[in-house]
Amino acid sequence: MPEKHACRAARPVSPGLFFVLNIPSVSLLSWHPFTVCSGPDEPNCQVAIRGLGDFTRRVEQTAAAGAENGLPVRVDGPYGGYAFNYKRYAHIALVVGGIGVTPAISMLRDIFRFRAQKKETTKSAIQSVSFVWVIRKMAQFEWFQEEIESCVALAEQDESLPSLRVSIYVTREDSLENGMARDGVTFVQGRPEAEEIVQE
């Protein structure tokens, strides 16, 4: 499961941005890029780090060992970002895979969670959001389960927010019941068909 680490940002961040981080307690000289998964108006900037390589595995181990005190981190950035305003479109389809979900989570948090917290009264131009996440195992859904289910609940409760349709495609889980729905999230065994997603 990826570790989620937060720090106070000096300025607002936007979906698609990434920071290059150095964690001296893991390596004094190694710098690695990580995409922001928090929303732009949130007080803390958050990244998710999944232990896939030597460096990120050491980050997970070091964070677990010193979880109470946190880890000192040196930050360079932010860099990147999207050159378009996704909020001006009526219908949005977010199709992502694996840990590449982080920029889409940032968008969901922006569209649903933080907007609801600010109690905005004006309706967004966005009318509907289709979120498709392709993962290998059901356990990977837990990475961002809280954020996704929170956005689904907000979309169902607040009429001023866009509708939200969440489909999780699980590619390597034989025991999954196809089309199983839980808390507004549909789980499908196999890979998505691009044409079906566009038509929906």
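Three strands of this predicted model line up as an open sheet, in the order β3-β2-β5. Neighbouring strands in this sheet pair in an antiparallel way. The two edges are taken by β3, residues 32-35, and β5, residues 74-80. Each of these edge strands has just a single partner, so one side of each is left without a neighbour in the sheet. Going from one strand to the next, the sheet twists by 30 degrees on average.

Zooming in on one pairing, strand β2 covers residues 17-22 and is joined to β3 by four bridges. These two strands run antiparallel. A handy spot to look at is V20, which sits opposite P33 of β3.

Stepping back to the whole chain, there are four helices and ten strands to find. Following the sequence from its start, these elements come in the pattern β-β-β-β-α-β-β-α-β-α-β-β-β-α. In other words, the pattern opens with four strands before a helix turns up, and it ends on a helix.

How much of the chain is tucked away? Of its 200 residues, 44% count as buried. As for contacts, take those between residues with a separation of 6 or more: 68% of them link residues that are 24 or more positions apart. On the outside, the chain exposes about 11,000 Å², and 48% of that area is supplied by carbon and sulfur atoms.

Two residues make good stops on a tour of inside and outside. Strand β7, which spans residues 128-135, holds S130. Is S130 buried or exposed? With a relative accessible area of 16%, S130 falls under the 20% cut-off and therefore counts as buried. Leaving aside residues up to four places away in sequence, S130 touches I92, A93, L94 and R165.

Y89 tells another story. This tyrosine lies in the loop between β5 and β6, the latter being residues 91-97. The relative accessible area of Y89 is 34%, which is between the 20% and 50% cut-offs, so Y89 is partly exposed. Y89 also belongs to a nonpolar patch on the surface, along with Y82 and F84. Together, the residues of this patch have about 290 Å² of accessible area.

Definitions and conventions: Residues are numbered from 1 along each chain as its sequence is written. This is a predicted model: local features need pLDDT of at least 70, side-chain atom pairs count only at pLDDT 80 or more; totals for chains, interfaces and linings use all residues. Side-chain values use heavy atoms; hydrogens and water are left out. Two strands pair if DSSP finds at least two bridges between them. Axes are lines fitted to C-alpha atoms, for helices over the stretch in contact, and angles run from 0 to 180 degrees between N-to-C directions. Buried means under 20% relative accessible area, exposed over 50%, partly exposed in between (1.4 Å probe, protein chains only). Contact means heavy atoms within 4.5 Å. Accessible areas come from the Shrake-Rupley method with a 1.4 Å probe; for residues, only the protein chains shown count as cover. Patches are made of residues with over 30% relative accessible area and no salt bridge: like charges are joined within 9 Å, nonpolar side chains (Val, Leu, Ile, Met, Phe, Trp, Tyr) within 5 Å. A salt bridge is a side-chain nitrogen of Lys or Arg within 4 Å of a carboxyl oxygen of Asp or Glu.
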